[in-house]
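This report describes selected helices, loops and aromatic contacts of one protein chain. The sequence and the structure come first, and the description follows.

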Amino acid sequence: MQPTFDALLVRMQELRDLGGLIGLATWDQETYLPPKAAESRAFQLSTVQGIHHERLVDPRLGELLAWAVDNKSLTDDQRAMARVLTHERDRAAKVPKRLVQALAEGQSRGLMAWREARKQNRFAPFKPALEHMLSLRREQADAYGHGGERYDGLLEGFEPGMRVARLTPVLTALRDNLVPLVGALQAAPRKVADLFEGRRFDLDAQWRFTLRLLGDMGFDLEAGRQDKSIHPFSSGQHPTDVRLTTDLEEGTLTALFSSLHEGGHGLYEQGFSEAHYRTPLANAPSMGLHESQSRMWENLVGRSRAFWTHYYPALREAFPEALAGVDLDTFHAAVNRVTPSLIRVEADEVTYNLHIVLRYELELLLIRDELPLDELPAAWNERMERYLGSPPPDDTRGVLQDIHWAWGEFGYFPTYALGNLYAASLYAAAKRALPTLEEGIARGELKPLRDWLRTHVHAEGHRRPAEELVRTVTGQGLTDRDFLAYLKSKYGALYGVSF
């Protein structure tokens, strides 16, 4: 039968639909799934992911893609769709269906074991599941193929084109710049008090405020929703069905920043071009670029003085007792307080990347099979003390704090750091393009930034590699210069330190 693009498009749409159902089942697993249904969900995900894998590696799809990639009669977008799907298919074709299903079951069982280990506050109950998942991921990396560095095979799935040989120097240099910067801020004569200690913030009022922020930043709540989960995350089944979650706690306002963070992801998912819906181009080219959007909204916008110039009066109205006597300057300093902490998702933006470097270094050792699992908690604690000066008192606040290893997402953590670097460069470019951007933010005008990002980042989808897109928008590729300059300027002023 003569190949046609319409025939290929049907295959693309089928794959996207199956992927959306997998995403929906995973989202439900983290929000509303009854505890006793965990076992059945493991089988369901294994079955659906097996079907997705079969469709993806089908020889007929390979024939259609081979015809389309270099077909000059197709549009640039159509050939880009074929290139992106070919890359995905080539990787998937190297992994047997048996392993795909084993990974799906391993993820669900790993999640159950992780939750039980956290309940017991002991790493031991999680160890067998983690050991099994590591074995599967090593096998997967070998199936993908690599030049001797298994981690490269896994990293490619999150940050295409990135390799350990390039990533390690980037993260090492970032670590070596941040450790003394944190030390200088800790030693600064100007101190920032912990505003939140002993205060209580009504959970319902927090929830209402998070929804207001999502609406103001342009997240379409008729094409998405927010729910609650232990570990905040976002899930985009389709640009008209984007799920966000946040975590509410009475003793902190972390939920506000979690919602801004996940809302940044959500805006990206809702911002893909309608012409790309149900195709491989309705996707970010890398998780690092995706993460740049969440970190930008959470930190560069959400922790800025301009932002709170507008929103702090409303926040005081929402929490009149908790914020009584707290002025704007005090609050702004408090939400930017730099203090080494145990928990990554609660870390300030100066110390945050040190949490990422720690995880990256341990992941690399684990995938290389150079760190026995019995020694993992101690290795975690040693690095926490060396980089952040705060060894965790227990496993729940240490090696068990993140869900990523329960899912077997080795190679994902570095994208958070790359996202911070990309975010600083993109925000600097946005300020150059929109000279009154921060004046508008101080008036509560958040959508001009959303619209600029939608034009220059979101609507591009997966047309181009992440770094190429960033270079086009900012004039430079991956660099830590903008990020370090931003930190030194902002925190130097807050703490009275010259860098």
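Gly 461 lies in the loop between helix H19 (447-456) and helix H20 (466-474). The coordinates belong to a predicted model. With a relative accessible area of 1%, Gly 461 is buried, because the limit for that class is under 20%. Leaving out residues up to four places away in sequence, Gly 461 touches Phe 272, Leu 281, Asn 283 and Pro 285. The C-alpha atom of Gly 461 is 5.4 Å from that of Ala 284, although 177 residues separate the two along the chain.

**Loop residues with positive phi**

Most residues other than glycine have a negative phi. Asn 121 has a positive value, near 60°, and so does Arg 278, also near 60°. The table gives the place and accessibility of each.

| Residue | Phi | Loop | Relative accessibility |
|---|---|---|---|
| Asn 121 | near 60° | between helix H5 (97-120) and helix H6 (127-144) | 31%, partly exposed |
| Arg 278 | near 60° | between helix H10 (254-270) and H11 | 31%, partly exposed |

A glycine with positive phi is found just after H21: Gly 496, at about 70°.

**Helix H21**

Does the length of helix H21 agree or disagree with its number of residues? Helix H21 runs over residues 481-495, and at 1.5 Å a residue its 15 residues should span 21 Å. The C-alpha atoms at its ends are 21 Å apart, so the span agrees with the expected value.

The buried residues of H21 are Phe 483, Leu 484, Tyr 486, Leu 487, Lys 490, Tyr 491, Gly 492, Leu 494 and Tyr 495. Their cover includes parts of the chain that come before H21 in the numbering: helix H8 (164-186), helix H11 (287-301), helix H13 (328-334), helix H14 (352-367) and helix H17 (414-433).

**Packing of H14 and H17**

Two packed helices are described by the angle between their axes and the distance between the axes. For H14 and H17, the axes come within 8 Å and cross at roughly 145°. The crossing of H14 past H17 is left-handed. On the H14 side the contact is made by Tyr 352, Asn 353, Ile 356, Tyr 360 and Glu 363, which meet Pro 414, Tyr 416, Ala 417 and Asn 420 of H17.

Tyr 352 also has a charged neighbour: Arg 295 lies over the face of its ring, at 3.7 Å from the ring centre.

**Aromatic rings**

How many aromatic pairs are there? The count comes to 19. One of them joins Trp 27 and Tyr 32, whose ring centres are 5.8 Å apart. Their planes stand at 70°, so the pair is edge-to-face, the class for angles over 60 degrees. Trp 27 counts as buried because its relative accessibility is 6%, whereas Tyr 32, with a relative accessible area of 48%, is partly exposed.

An aromatic cluster is formed by Phe 196, Phe 201, Phe 257, Phe 307, Trp 308, Tyr 311, Tyr 312, Phe 319 and Phe 331. Phe 257, one of the cluster's members, carries a charge over its ring: the charged end of Arg 303 sits there, 3.9 Å from the ring centre.

Conventions:
Residues are numbered from 1 along each chain as its sequence is written. This is a predicted model: local features need pLDDT of at least 70, side-chain atom pairs count only at pLDDT 80 or more; totals for chains, interfaces and linings use all residues. Side-chain values use heavy atoms; hydrogens and water are left out. Helices (H or I, at least four residues) and strands (E, at least two) are DSSP runs, numbered from the N terminus. The expected span of a helix is 1.5 Å times one less than its number of residues. Buried means under 20% relative accessible area, exposed over 50%, partly exposed in between (1.4 Å probe, protein chains only). Contact means heavy atoms within 4.5 Å. Rings of Phe, Tyr and Trp (its six-membered ring) pair if their centres lie within 6.5 Å; planes under 30 degrees apart count as stacked, over 60 as edge-to-face and the rest as tilted. A charge sits over a ring if NZ of Lys or CZ of Arg is within 6 Å of the ring centre and within 35 degrees of the ring normal. Axes are lines fitted to C-alpha atoms, for helices over the stretch in contact, and angles run from 0 to 180 degrees between N-to-C directions. A crossing is left-handed if the near helix is turned anticlockwise from the far one by less than a right angle, and right-handed if clockwise.
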